[in-house]
Each structure stands twice: as C-alpha cells, then as structure tokens.
Amino acid sequence: MIKANPYYSDLSANYLFQEIAKKIKEFKEKTPDADVISLGIGDVTQPIPLACVEAMKKAADEMASASTMRGYGPEQGYEFLRQAIVDNDYKARGVDIDADEVFVSDGAKCDVGNIQELFSVDVLVAVPDPVYPVYRDTNIMAGRKIEFLPCTKEAGFSPAFPKSKAELIYLCSPNNPTGAVLTKADLAAWVKYAKENGAVIVFDSAYKEYISTPDIPHSIYEVEGAKEVAIELRSFSKTAGFTGVRCAYMVVPKVLKAIGGKGEEVFLNAMWSRRHSTKFNGVAYVVQRAAEAVFSPEGKKQVREMVGYYMENARLIRETLAAKGFTVYGGIDAPYIWLATPAGMTSVDLFEKLLNEAQLVCTPGSGFGQCGEGFVRLTSFGSRENTLKALDRIGKLAL
Ligand SMILES: *Cc1c(COP(=O)(O)O)cnc(C)c1O
C-alpha cells in the first residue's frame, strides 16, 4: 500500500469539540421542546452589505454578454480590487503598500493553510495558546515542531515570547477566541524579536473592522520596519459578512527575504507569486466586484452598520454578564467575549451549566488550547432577538 503523509497521524482529533457537539445533540433529543440558543456561533448571520449584492448582480450581468464576459483573471487578483485595498485599507491609515504586494484569495483560512509552504520543514513555529486551530494544524500536517505561547489573563492575553528561537510566528489581533487586541507597543516588540531572530510573523487581522479603541493598530505595518519581517492576512468574511461569498487577501511585502535552497537570498513576494500562479486561478470576478463595493461610500456605511449591530450585541453580553458578577474580557474591539468561569468550575462545567439550566450553547475555552481552560467563548454574531433572550436567561440563572 502507498504510504500516507505520516504527519497527519500527529494531528489530535479535537475530542473536546466532538464531545461538546454530542452533548448538544443529546440535550436536544432529551428536551425536544427546548429553545436552544447558540452563543457559540463563529459565523456571521446578518445579510451582506447591499452595495456588495448589487455589485455582484451587475458583474453577473456582464457575464451574459460575449463583449463583457470574463474568463480566467489575473491569479493575484484584479487590479481594481488590489488598488481599492491599497487605497482604503492601507493608504487611508498612513501605510504605504504597493498593489503588487497584495494577493487576493478565496479565504484567510486557505492563506493560513498555504503560506507555511514557503518555509522549510525544520523551521520552529510559534503559535499562541489559546489558538485559532488552523495555525497549529497546518504546520503539524507539514511536519513542523510547534512551541505554544501562553496567553494569560495577567498579560492581558498577549502571547508570551518564545523560549526557543522561533522563526515562524503567528499572531492574531483582534483575537479569536479571546477578543484581546495587541497594542502598537506589543507589535513593535514582536517586530523587534523577529528582526533579532531572523523570524517571519504571520499577522492575522481578520477582525480589524471591529476595533473601536483609538491607537490599536489595524495593520502590523503601522509599526516601523514591520514590512521587513511580516506577512499580513485580511478577510472580507468578518468585515463584510463574506463567509459564504469567499474573498480575502494577503500582503507579502517585496522587501521580505529568506534563505533559499542554495544558500542564496530569496524574496517571499516572488515565491508567493510563483506559488499562487501555479496552484491557484484567482477568485471569481463577480466576487471581486462585490469585494470592491465594500470600499464604496454606501459599502463603507453598510459595513459600519453591520459591525455596529454585532458590537451592540457584544456590549449587551459584556454588561449583562458583568452585572451578574461574572468576569468578562474582550467584546470591545472584537466580536468575541472571553468569559472566566466562576471559581472551581472548568470550561466544560460552565458549558454544561449554561446548556442544562439556560438552554444556551457556548464554546469551552479548553478546546482552543490548555491556556483556554477556565474560560468559555461567547460570540456576538447572533440576532439581537436571540442575544437578548439569552441574556434574559443568564439573568435568571442561579449561581
Ligand atoms: C474567521 C477567521 C478568518 C477568516 O477566514 P476566511 O477563510 O477568510 O473565512 C481568519 N482568521 C481567523 C482568526 C478567523 O476567526
């Protein structure tokens, strides 16, 4: 028989999340009349901005005529979208990025999964704990060693620096699952670490649109010198409700260098361009037109309204829980609330209490890593009606 990639055997099945799904299923079977509300959803629920829907329809109509139809587009993304990204997401915040440094893709998850290919298998990887599991699992699949960086409440859930010399570092701000953000000083310290250790940072800012605190960086490139050490991931999924539409982008600066197979200097932008055009044929034209519309005046207004809707949910969740005596983190610059379990309760204990006594679903923090123990993740992606109903039940809960 053919030998399989051996590293897949190193992936641990997420027993906890399987266990949780089973418990929810059993609860629903046992109490079929219960109105179970999920505060655990990691997907958006509100319609995507109308400006994007209209742009998509217009682009679909162009496909109906031979003179305006589009076939294969540029692998890296249409110039109109890359330029709109550069002007609106970077220049407007004082960051100078070239359109050639932007690569449009069908999702930040795929970008996270694919970018590790550019690095040697013996590179030591550092990922935060708790973690968005894709950073960890894609590197396990490739056979790399991983150091976990504890994110403790004492440190404001900012990851600790690696004990070993890490060379590929994943950072996520605003953070999924903790809702914490990294300050400019935090990011400057990571840029300094990367320079001193010849490391590359993969910075995931999928939730940048949710930042409300002034001075919190939306981009790692707001830090001086970051272009020499960082790749940045962005997505239209959470910023414009594109989870089902699929569009994201990655910035690979042209100055970013590594050591090639013959000891020579190689440029990651050129390598990624080669990889992208070999293995990818671009995002659908209609989708790129929809993404472009995010930056139109109506699109921007509608995105602000959508984000405002979720963040009002977040505020309600945070304040109701705090008034009930819970300790809550996040929910200010991110759609996630990181709720500390009451003394003596594990993540799973609180999950079970909320399910059995209030018919509410949350995500146990221990599923995201050891340092997630003692917390559960709540999301603000539900409807207002369900969020209010859920909070009413929490208010009545006996603690
Ligand atoms: C949702 C999410 C993404 C976005 O993934 P897409 O594939 O673009 O939908 C990226 N990173 C994190 C941390 C996320 O939670």
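**Gly-225 and the ligand shell in the predicted model**

In this predicted model, the loop that joins strand E6 (200-204) to strand E7 (230-235) contains Gly-225. Beyond its neighbours within four places in sequence, Gly-225 is in contact with Val-191 and Lys-195. Asn-386 was also located relative to this glycine. The two residues, Gly-225 and Asn-386, are separated by 161 residues in sequence. In space, their C-alpha atoms lie 45 Å apart.

The ligand was examined next. Its surroundings comprise 14 residues. Among these, Asp-204, Tyr-207, Ser-235, Ser-237 and Lys-238 come nearest. By residue class, the shell around the ligand holds 6 nonpolar, 4 polar and 4 charged residues. Two helices contribute to this shell: H4 (108-115) and H7 (236-240). Each of them supplies at least two residues.

Oxygen atoms of the ligand pair with polar atoms of the protein, on backbone and side chain. At Ala-108, a backbone N or O atom lies 2.7 Å from a ligand oxygen. At Lys-109, a polar backbone atom is 2.9 Å from an oxygen atom of the ligand. Arg-246 takes part through its side chain, with a polar atom 2.7 Å from a ligand oxygen. On its own, the ligand has 390 Å² of accessible area, and the protein covers 93% of that area.

Note on methods. Residues numbered from 1 in each chain as written. Predicted model: local features only at pLDDT ≥ 70, side-chain atom pairs only at ≥ 80, totals over all residues. Heavy atoms only, no water. Near = heavy atom within 4 Å. Polar contact = N/O pair within 3.5 Å; in protein donor to acceptor, adjacent residues only side chain to side chain. Areas by Shrake-Rupley, 256 points an atom, 1.4 Å probe, with all protein chains shown as cover. Helix = DSSP H or I, 4+ residues; strand = E, 2+ residues; numbered from the N terminus. Nonpolar A, V, L, I, M, F, W, Y, C, P; charged D, E, K, R; others polar. Contact = heavy atoms within 4.5 Å.
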